[in-house]
Amino acid sequence: MRVDAGLSRLLGLSRTVAATLAEGGRVAVDGRAAGKSDRLIAGSWLEVELPEPEAPATIAGPQEVVAGLTVLHADDDIIVVDKPVGVAAHPSPGWTGPTVIGGLAALGYRVSTSGAAERQGIVHRLDVGTTGVMVVATSEHAYTVLKRAFKERTVDKRYHAVVQGHPDPSSGTIDAPIDRHPKHDYRFAVVAGGKPSVTHYDTIEAFRAASLLDIRLETGRTHQIRVHLSALRHPCVGDLAYGADPTLARRLGLERQWLHARSLGFEHPADGRWVEFTSPYPADLARALDLLAD
């Protein structure tokens with residue numbers, strides 16, 4: 001086999017890269033430089049000098065005070081925040097807006113260095129359009145403990161959502177796998193072969209056109225609540241991406257889904273004691289709820 005073809009198969013490189021290495025004098029067979037078209041023979045001693053890998057691009061977001069970002073609790077291990085609408089958990093490609101990580105940095109908080117560079121300290125996330133309680137790890141120990149707790153589902157994550165219509169039954173469990181939508185990259189959907197996803201819900205109050213639900217997540221897939229409620233044909237009010245009625249959204253003055261991370265409970269990573277934090281409804285969701293009750 002030719003040197004370039006053989007290196008490509010042996011090392012998983014593209015054939016072009018393998019050829020470039022050979023042309024640059026970085027490949028030797030039995031101690032002699034080998035060109036890209038030379039032949040590899042079984043039993044020969046092959047030496048390849050690989051270039052240093054390129055440093056991954058750093059995704060950095062603005063470090064600026066975020067309006068409405070409230071610190072509910074802070075200690076040596078965790079920071080619990082009340083995230084406002086329009087704020088991402090951490091920087092990501094294509095997002096140039098405010099982030100929880102950037103907002104905490106601007107306030108002088110330091111977070112754990114564990115995790116990918118752009119999401120250090122992040123153990124779970126909320127959508128940009130979802131408000132409420134979120135915890136960030138500030139120590140390496142807390143990061144490890146909290147990541148395990150979320151993975152093992154020992155964290156009590158409670159959301160409140162206002163959905164269109166009245167789910168029947170009024171309390172139940174949605175157990176349906178979720179993955180990326182087959183036609184729309186920015187959306188997710190219930191699909192065969194998706195990741196196991198379980199959502200428990202209870203009706204708190206029923207209005208004429210909608211219902212206020214208390215939701216407990218057993219798993220934490222991206223857009224899980226929004227996808228499951230849409231599949232149930234009771235999308236979150238205002239969630240136009242998942243089939244909500246735009247007329248009702250306009251009547252209630254909503255520009256995003258009525259979905260709020262109401263409370264978060266977990267064993268504190270420092271000493272194992274149970275802690276729980278709650279977030280009040282933000283102004284836009286409270287106003288919409290009042291309009292529904294009238």
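How many bridges pair strand β1 with β3, and in which sense do the two strands run? Strand β1, residues 27-29, pairs with β3 over 3 bridges, in the antiparallel sense. This is a predicted model, and we can use that little pairing as a way into the rest of the chain.

## The chain as a whole

Let's step back for a moment. The protein chain holds 7 helices and 14 strands. Its C-alpha trace spans about 85 × 45 × 35 Å along the principal axes. The radius of gyration is 25 Å, whereas a compact globule of 294 residues would have one near 19 Å.

What share of the residues is buried? In this chain of 294 residues, buried ones make up 45%. The accessible surface of the protein chain comes to about 15500 Å², and carbon and sulfur atoms own 50% of that area. Charges are here too: the chain has 32 positive and 35 negative side chains, with the centres of the two sets 6 Å apart.

You can also ask how far apart in sequence the touching residues are. Take the contacts between residues at least 6 apart in sequence: 61% of them join residues at least 24 apart.

## A sheet of three strands and helix α1

Now back to β1. An open sheet of 3 strands has the order β2-β1-β3, with antiparallel pairing. Its edge strands are β2 (32-33) and β3 (46-48), each of which pairs on one side only. For a single pair to find in the structure, look at valine 27, whose bridge partner in β3 is valine 48. The loop between β1 and β2 holds aspartate 30.

Helix α1, residues 3-11, belongs in this picture as well. Its buried residues are Val3, Asp4, Ala5, Gly6, Leu7 and Ser8. Which elements do these residues pack against? They pack against α2 (15-23), β1 and β3.

## β7 and its partners

Is strand β7 largely enclosed or largely open? Of its 9 residues, 8 are buried, so β7 is largely enclosed by the rest of the structure.

Two of its pairings are worth tracing. With strand β12, residues 210-217, β7 pairs in the antiparallel sense over 7 bridges; here tyrosine 159 stands opposite isoleucine 215. With β13, β7 is joined by 6 bridges, and these two strands also run antiparallel. In this second pairing aspartate 156 has glycine 265 of β13 as its bridge partner.

From β13 we can walk on to β14. Strand β13 (residues 259-267) pairs with β14 in the antiparallel sense over 5 bridges, and glutamate 267 stands opposite tryptophan 274. The two strands form a hairpin with 6 residues between them.

In a regular strand the side chains alternate between the two faces of the sheet. Strand β14, residues 274-278, lets you see two faces: Val275 and Phe277 lie on the covered one, while Trp274, Glu276 and Thr278 lie on the uncovered one.

## Helix α5

Helix α5 runs from residue 224 to residue 231, and because 6 of its 8 residues are buried, the helix is largely enclosed by the rest of the structure. Which residues of α5 are buried? They are Gln224, Ile225, Arg226, Val227, His228 and Leu229.

## Backbone angles to look for

Most residues other than glycine have a negative phi, and most peptide bonds are trans. With that in mind, here are some positive phi values in this chain.

| Residue | Place | Phi |
|---|---|---|
| Glycine 12 | after α1 | near 75° |
| Aspartate 30 | loop between β1 and β2 | about 55° |
| Arginine 153 | loop between α4 (140-151) and β7 | about 65° |
| Arginine 233 | just after α5 | about 70° |
| Glycine 272 | turn of the β13 and β14 hairpin | about 80° |

Aspartate 30 has its positive phi although it is not a glycine, and arginine 153 likewise is not a glycine. Is arginine 153 buried, exposed or partly exposed? Its relative accessibility is 43%, so arginine 153 counts as partly exposed, a class that lies between under 20% and over 50%.

One peptide bond also deserves a look. Which residues does a cis peptide bond join? The bond links aspartate 168 and proline 169, and omega is about 10°. Proline 169 sits in the loop between β7 (156-164) and β8 (171-175).

Conventions
Residues are numbered from 1 along each chain as its sequence is written. Side-chain values use heavy atoms; hydrogens and water are left out. Helices (H or I, at least four residues) and strands (E, at least two) are DSSP runs, numbered from the N terminus. The radius of gyration is taken over C-alpha atoms; the globule rule is 2.2 Å times the number of residues to the power 0.38. Buried means under 20% relative accessible area, exposed over 50%, partly exposed in between (1.4 Å probe, protein chains only). Contact means heavy atoms within 4.5 Å. Accessible areas come from the Shrake-Rupley method with a 1.4 Å probe; for residues, only the protein chains shown count as cover. Lys and Arg count as positive and Asp and Glu as negative; His and the chain ends are not counted. The place of a charge is taken as NZ of Lys, CZ of Arg, CG of Asp or CD of Glu. Two strands pair if DSSP finds at least two bridges between them.
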